[in-house]
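Let's take a walk through a protein together, one stop at a time. Have the sequence and the 3D view ready, and look up each residue as we get to it.

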Amino acid sequence: MTAALFTKADHQHMAEAIRLAWRGLYTTHPNPRVGCVLVKEGQIVGRGWHQIAGEGHAEVNALRQAGPAAQGATAYVSLEPCSHHGKTPPCAEALIQAGVAKVISAMEDPNPRVSGRGHQLLESAGIQTACGLMQAQAEQINPGFNKRMRTGLPWVVVKSAMSVDGRTAMANGESQWITDPAARADVQRLRARVEAIITGVDTVIADDPSLTVRPDMWPQAVAGDEPSAGWSWPHGRQPIQPLRVIVDSTLRTPRDAKILQQPGKTLIAHTSGDIEKVAVLAAAGAELTQLPAVNGKVDLNALLLELARREVNEVLVEAGAVLAGAFVQQQLVDQWVCYLAPKLMGSSARPVLDFDLRTMSQAQALHLTDLRQIGQDIRMTYGWSR
């Protein structure tokens, strides 16, 4: 690849490609979200983005729109064009066959088996390439895919809802509802973009949740929330239901739990050797996986490795204070999304995260990445300062 001094027009066209990539936010997993713009003589002749996993990639969709005008054009792509055969042919080969003159990528593919090979394939065909234009913005589109390719672990988001005094449930466990309907609808946005939702068996027993993506709540969930404002499900399709994961070390999940009766799959992660309990829950519709134990409980790092093996890029933890706190204490969390309700619940109510630190030097530093009002509640999004 060659170094390049990118122009103002280059930035404008790449910004458009990145905007298009965001349109695949809820439908491309486990593939990355990618956008492409084809420009010839200063005019955009083709736009495309990866819409549905298993269907055409961004470059192919842009080439289809451009038709013969693609010959001699410059392609702006938010991620290096793929060079391998998967469910679809390599995008690099499609660009070569279309006769484009130049390809500018925002970033290399983070997959170590692929990284750089798409550009090499293009260059070997005489196509000029450049990379690194607006890379920081492109990285934000696919945090889970990028992390899984680089580390073997998915991107982990913990979702919490708490009162102003930092409480999530009354002492007796009552928690419905801390936040108002607008915030609960907004959670649908978080669920829709992930491939897996993790909860604990205590939450299943206490609240009997479904943990599904509900299309009827969707319009509220995206209203005013960039970059997905105005987004709709393509081709009239229904949302993809995430894999529901129950952390249940000793297999206490009730066989009639609502979570087992929903569309899609429910996975129970356990450490038990009780064959009869496994058989009962399997008959109820669950898939079960036995994982190593740490202090008698499911090894959470092993669970994340198993999810990554299943091509899960992004995980949402919707759990009680103990399990959510365990993820935080073990430094397995990348992002914390917390809904703050204008309520006071008192000192005897349960905390938002239950984990033990003894000194201020052990405190985990956060940085605020987003803050906005959702109905009467405040949504705060934090990253970790590590």
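Why is the sulfur of cysteine 131 too far from the closest cysteine sulfur for a bond? Keep in mind that what you're looking at is a predicted model. In this model, the closest cysteine sulfur belongs to cysteine 36, and it is 14 Å from the sulfur of cysteine 131. A disulfide needs the two sulfur atoms within 2.5 Å, so a gap of 14 Å is too far for a bond. As for its surroundings, cysteine 131 is partly exposed, with a relative accessible area of 24%.

Now hop over to cysteine 36. Its nearest cysteine sulfur is that of cysteine 91, 8.5 Å away, and cysteine 36 is in no disulfide either. In fact, the count for the structure comes to zero disulfides. Cysteine 36 has 0% relative accessibility, so it counts as buried.

Cysteine 338 is also worth a stop. You'll find this residue in strand E15, which covers residues 335–341. With a relative accessible area of 0%, cysteine 338 is buried. Which residues does it touch, if you skip those up to four places away in sequence? They are Ser160, Met162, Ile378, Arg379 and Met380. Compare that with arginine 148: it is 190 residues from cysteine 338 along the chain, and their C-alpha atoms are separated by 24 Å.

Next, let's look at the nonpolar cores. The largest one has 41 residues, and Met14, Leu38 and Val103 have the most contacts inside it. Helices H1 (8–21), H2 (58–66) and H3 (91–98) each supply at least two residues of this core, and so does each of the strands E1 (35–40), E3 (74–77) and E4 (102–105). The largest share, five residues, comes from H1. Besides this core there is a second, separate one of 34 residues, which includes Ala196, Leu307, Leu323 and Val333.

Zoom in on methionine 14 for a moment. Leaving aside neighbours within four places in sequence, methionine 14 is in contact with eight residues you can click through: Tyr76, Val77, Ser78, Ile104, Ser105, Ala106, Leu133 and Met134. Glutamate 16 is in helix H1. Is this glutamate buried or exposed? At 15% relative accessibility, glutamate 16 counts as buried, because the cut-off for buried is under 20%. Outside its stretch of near neighbours in sequence, up to four places away, glutamate 16 touches Val37, Ile44 and Arg47.

Our next stop comes from a record. An unreviewed UniProt entry lists Ser175, Arg191, Thr203, Leu211, Arg214 and Glu318 under "binding site". Let's visit two of them. Arginine 191 is part of helix H7, residues 181–193, and at 13% relative accessibility it counts as buried. Beyond neighbours within four places in sequence, the contacts of arginine 191 include Leu211 and Glu318, along with Ile197, Thr212, Val213, Pro242 and Leu316.

Threonine 203 sits in helix H8, residues 201–207. This threonine counts as buried too, at 17% relative accessibility. Setting aside neighbours within four places in sequence, threonine 203 is in contact with Asp208, Pro209, Ala319 and Gly320.

Last of all, check out the rings. The structure holds one aromatic pair. There's also a charge over a ring to find: the charged end of arginine 184 sits over the ring of tryptophan 177, 4.3 Å from the ring's centre.

Conventions:
Residues are numbered from 1 along each chain as its sequence is written. This is a predicted model: local features need pLDDT of at least 70, side-chain atom pairs count only at pLDDT 80 or more; totals for chains, interfaces and linings use all residues. Side-chain values use heavy atoms; hydrogens and water are left out. A nonpolar core is a set of buried Ala, Val, Leu, Ile, Met, Phe, Trp, Tyr and Cys residues joined through side-chain atoms within 4.5 Å. Buried means under 20% relative accessible area, exposed over 50%, partly exposed in between (1.4 Å probe, protein chains only). Helices (H or I, at least four residues) and strands (E, at least two) are DSSP runs, numbered from the N terminus. Contact means heavy atoms within 4.5 Å. Rings of Phe, Tyr and Trp (its six-membered ring) pair if their centres lie within 6.5 Å; planes under 30 degrees apart count as stacked, over 60 as edge-to-face and the rest as tilted. A charge sits over a ring if NZ of Lys or CZ of Arg is within 6 Å of the ring centre and within 35 degrees of the ring normal. UniProt positions are given in the numbering used here, feature names are shortened, and annotations may be inferred rather than shown by experiment.
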